[in-house]
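This briefing is meant for someone meeting the structure for the first time, and it sets out the main points by topic. Please keep the sequence and the model in view while reading.

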Amino acid sequence: VQTCALPICARTLTQEQKWPEARKIYERLVQLSPTAKGVDSPYRPLVKVLHQLNETAAERAKTGGGRS
């Protein structure tokens, strides 16, 4: 899969509720663009996927939640 096709693939997997597969791609997108912000950022959809997988600790880590 080419890098430019990863966001499309990730969105498709999310729409199909294939959470583990979508997670892998969103995590790769975060690695490729760790400073991405705005509508093209992979962080928000990654958090949604983590929520669906009940990965609350990982979800909090990505959103900055749980800080004292």
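In this predicted model, Pro45 counts as partly exposed, because its relative accessible area is 23%, and partly exposed residues are those between the buried limit of under 20% and the exposed limit of over 50%. Pro45 belongs to helix α3, and although 34 residues separate Pro45 from Arg11 in sequence, the C-alpha atoms of the two are 8.4 Å apart in space.

**Overall make-up**

- The protein contains four helices and zero strands, and when the sequence is read along its length the pattern that appears is α-α-α-α.
- The protein has 68 residues, of which 26% are buried.
- If one takes the contacts between residues at least 6 apart in sequence, 27% of them join residues that are at least 24 apart.

**Helix α1 and Thr14**

- Helix α1 spans residues 6–15, with Thr14 among them, and the buried residues in this helix are Leu6, Ala10, Leu13 and Thr14.
- These buried residues lie on the same side of α1, because the arc they cover around the axis is only 100 degrees.
- As general background, an α-helix has 3.6 residues a turn, so residues three or four places apart point the same way.
- On the other side of α1 are Ile8 and Gln15, both of which are exposed, while the cover over the buried residues of α1 includes α2 and α3.
- Is Thr14 buried or exposed? Thr14 counts as buried because its relative accessibility is 11%, which is under the 20% limit.
- The side chain of Thr14 reaches back within the helix to the backbone oxygen of Ala10, at a distance of 2.9 Å.
- Which residues does Thr14 contact once its neighbours within four places in sequence are left aside? Those contacts are with Trp19, Ala22, Tyr26, Lys48 and Val49.

**Helix α3**

- Helix α3 covers residues 43–52, and within it Leu46, Val47, Val49 and Leu50 are buried.
- When α3 is viewed down its axis, these buried residues fall within an arc of 160 degrees, so they line one face of the helix.
- One of these buried residues, Val49, also appears among the contacts of Thr14.

**Ser41 and the loop before α3**

- Ser41 sits in the loop that runs between α2 (19–32) and α3 (43–52), and Ser41 counts as buried because its relative accessibility is 12%.
- A polar atom of the Ser41 side chain lies 3.4 Å from the backbone oxygen of Ala36, and a polar atom of that side chain also lies 3.2 Å from the backbone nitrogen of Tyr43.

**The largest pocket**

- The space in the largest pocket comes to about 440 Å³, and 19 residues line this pocket, with Val39, Asp40, Ser41, Pro42 and Tyr43 being the closest to its centre.
- Which elements give two or more residues to the lining of the largest pocket? They are α1, α2 and α3.
- Sorted by class, the lining of the largest pocket is made up of 10 nonpolar, five polar and four charged residues.
- Ser41, one of the residues closest to the centre of the pocket, is also the residue whose side chain has a polar atom 3.4 Å from the backbone oxygen of Ala36.

**Residues with positive phi after helices**

- Gln17, which comes after α1, has a phi near 60 degrees, and this is a positive value in a residue other than glycine.
- Gln17 is placed in the loop between α1 and α2, where it counts as exposed because its relative accessibility is 57%, and that value is over the 50% limit.
- Asn54 follows α3 and likewise has a positive phi, of about 60 degrees, although it is not a glycine.
- The position of Asn54 is in the loop between α3 and α4, the latter covering residues 56–63, and Asn54 is exposed, with a relative accessible area of 62%.

How values were computed. Residues numbered from 1 in each chain as written. Predicted model: local features only at pLDDT ≥ 70, side-chain atom pairs only at ≥ 80, totals over all residues. Heavy atoms only, no water. Buried < 20%, exposed > 50% of the residue type's maximum accessible area, 1.4 Å probe, protein only. Polar contact = N/O pair within 3.5 Å; in protein donor to acceptor, adjacent residues only side chain to side chain. Contact = heavy atoms within 4.5 Å. 1 Å grid on protein atoms, 1.4 Å probe; cavity = no way out; pocket = protein on both sides within 12 Å on 5 of 7 lines; lining within 4 Å. Points joined across faces, edges and corners; volume = space filled by probe spheres on them. Nonpolar A, V, L, I, M, F, W, Y, C, P; charged D, E, K, R; others polar. Arc of directions from axis to C-beta.
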